[in-house]
Amino acid sequence: MNNRLINWFKYASPQSFYPLAGKLIPWFAAAAVVFGAAGLWLGLAVAPTDFQQGEGYRIIFVHVPASWMSMFIYLVMAFWAGLGLAYNTRLSGMMAQALAPTGALMAFLSLWTGALWGKPMWGTWWVWDARLTSELILLFLYIGFIALQASIDDPRRADKAGAVLALVGVVNIPIIYFSVKWWNTLHQGSSVSLTKSPSMAALMLWGMLLMALAFWMYSIAVALYRVRGIMLERERGSEWVKGVLQAEGTK
Amino acid sequence: MNIHWQSFSDFLAMGGYGLYVWGSFGVTALILALEPMLAVRRRNQLIARLKRQLRAETKSAGERRTPPTPNHPQ
């Protein structure tokens, strides 16, 4: 094996990923706090009233970032799961397992803030329309993934079963994303689009993007934190984990 | 970048949408605070447990003078 190859795969092993993740976590956490503070300031203190929805529209500053993250985390989780299924790498299953709880919470927040937004604007907490139903299915997919992995003792078999579920569930993501276009739903279309200029005031848009960035940084920090624990648990008995445990004692 | 609100009560009322806006931000803040706290607690418990196991393992290995069996063959 030549040197380039060794460098490329260096962080694919839990042993070398563990300290790297440990160094990165404080930076992602700090970025989450900074972006979150800036986003909350813009969204709650400075941004103007919406001409249609009054002040109620401000729910957008948590609803949209949570919804985006719920879908994006699922895609990343499915990517790692698929990688693990294809190449049988140790890190992949751990990453997928670490992402699932945060994704589930994001899906829950998306539904919760959506209900609180729907009540004053549509007059109902919930409707069985395509967007809302497919997001609920996403929450169930996360819960199913977590439950399935928890029910199988052997980590490798748990990874494989979870990976199949995660990959099958991926079809749900484009359904959520395009549901407002494909079906005539109560849920409004997206306010931010890549093809035309955003149909929002600049301050609102910036507030939302900063909040989305904060949610990103938060999710990365929590997932990295969780994956470190999973690494210790799964690789217990190995020399590097013993070294980590001894170092923890002296601190 | 002027502050949008006339007063603090104005801010809390959210133009009549206070319940919905604060219900959304409140629960989001709660969850985004709880999840890291639970993660930290879980990690501390895990490390304590693994250390106990490690101590028990090295102790029994020393007494019996047999090498410890590897837990998880890779």
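How much area is buried between chain A and chain B? Colour the two chains separately and look at where they meet: the buried area is about 3800 Å², and carbon and sulfur atoms give 70% of it. Keep in mind as you go that this is a predicted model.

**Stop 1: the face of chain A**

Select the residues in contact between the chains; you should pick up 51 residues from chain A and 35 residues from chain B. The rule finds 12 residue pairs in polar contact across this interface, both partners being at pLDDT 80 or more. Now show chain A by its helices. H2 (14-46), H3 (60-87), H4 (90-122), H8 (202-234) and H9 (239-250) each supply at least two residues to the side that touches chain B. Of the elements on that side, H4(A) gives the most, with 13 residues. If you colour this side of chain A by residue type, you will find 29 nonpolar, 10 polar and 12 charged residues.

**Stop 2: salt bridges between the chains**

Side chains of opposite charge can pair when their charged atoms come close. The structure holds 9 salt bridges over all chains, and 4 are found across the interface of chain A and chain B.

Begin with Arg226(A) and Glu35(B), whose side chains form a salt bridge at 2.7 Å, N to O. Arg226(A) sits in helix H8 of chain A and Glu35(B) in helix H2 (residues 18-64) of chain B, so this pair joins two chains. Both residues are buried.

Next, select Arg43(B) and Glu248(A), which meet in a salt bridge at 3.3 Å, N to O. This pair also joins two chains, because Arg43(B) lies in helix H2 of chain B and Glu248(A) in helix H9 of chain A. Are its two ends buried or exposed? Arg43(B) is buried, with a relative accessible area of 7%, while Glu248(A) is partly exposed at 24%. Then add Glu233(A), Arg236(A) and Arg49(B) to the selection: salt bridges that share partners join them into one network. Within that group, the side chains of Arg49(B) and Glu233(A) meet at 3.2 Å, N to O.

**Stop 3: a pair inside one helix**

Stay on helix H9 of chain A and pick Lys242(A) and Glu239(A), which both lie there, 3 residues apart, about one turn of the helix. Their side chains form a salt bridge at 3.8 Å, N to O. Lys242(A) is buried, with a relative accessible area of 16%, whereas Glu239(A) counts as exposed at 61%.

**Stop 4: the nonpolar core**

Which residues have the most contacts inside the largest nonpolar core? Select Phe61(A), Tyr74(A), Met77(A) and Leu232(A); the core they belong to has 77 residues. Centre the view on Met77(A). Setting aside neighbours within four places in sequence, Met77(A) is in contact with Ala96(A), Leu99(A), Ala100(A), Tyr142(A), Phe145(A) and Ala166(A).

**Stop 5: a buried serine**

Finish at Ser134(A), in helix H5 (residues 130-151) of chain A. Why does Ser134(A) count as buried? Its relative accessible area is 4%, and the cut-off for buried is under 20%. Show the backbone here too: the oxygen of Ala130(A) lies 2.7 Å from a polar atom of the Ser134(A) side chain. Leaving out neighbours within four places in sequence, Ser134(A) is in contact with Asn172(A), Ile175(A), Ile176(A) and Ser179(A).

Key: Residues numbered from 1 in each chain as written. Chains lettered and ligands numbered in written order. Heavy atoms only, no water. Core = buried A, V, L, I, M, F, W, Y, C linked by side-chain atoms within 4.5 Å. Buried < 20%, exposed > 50% of the residue type's maximum accessible area, 1.4 Å probe, protein only. Contact = heavy atoms within 4.5 Å. Buried area = accessible area lost by both parts, 1.4 Å probe. Polar contact = N/O pair within 3.5 Å; in protein donor to acceptor, adjacent residues only side chain to side chain. Helix = DSSP H or I, 4+ residues; strand = E, 2+ residues; numbered from the N terminus. Nonpolar A, V, L, I, M, F, W, Y, C, P; charged D, E, K, R; others polar.
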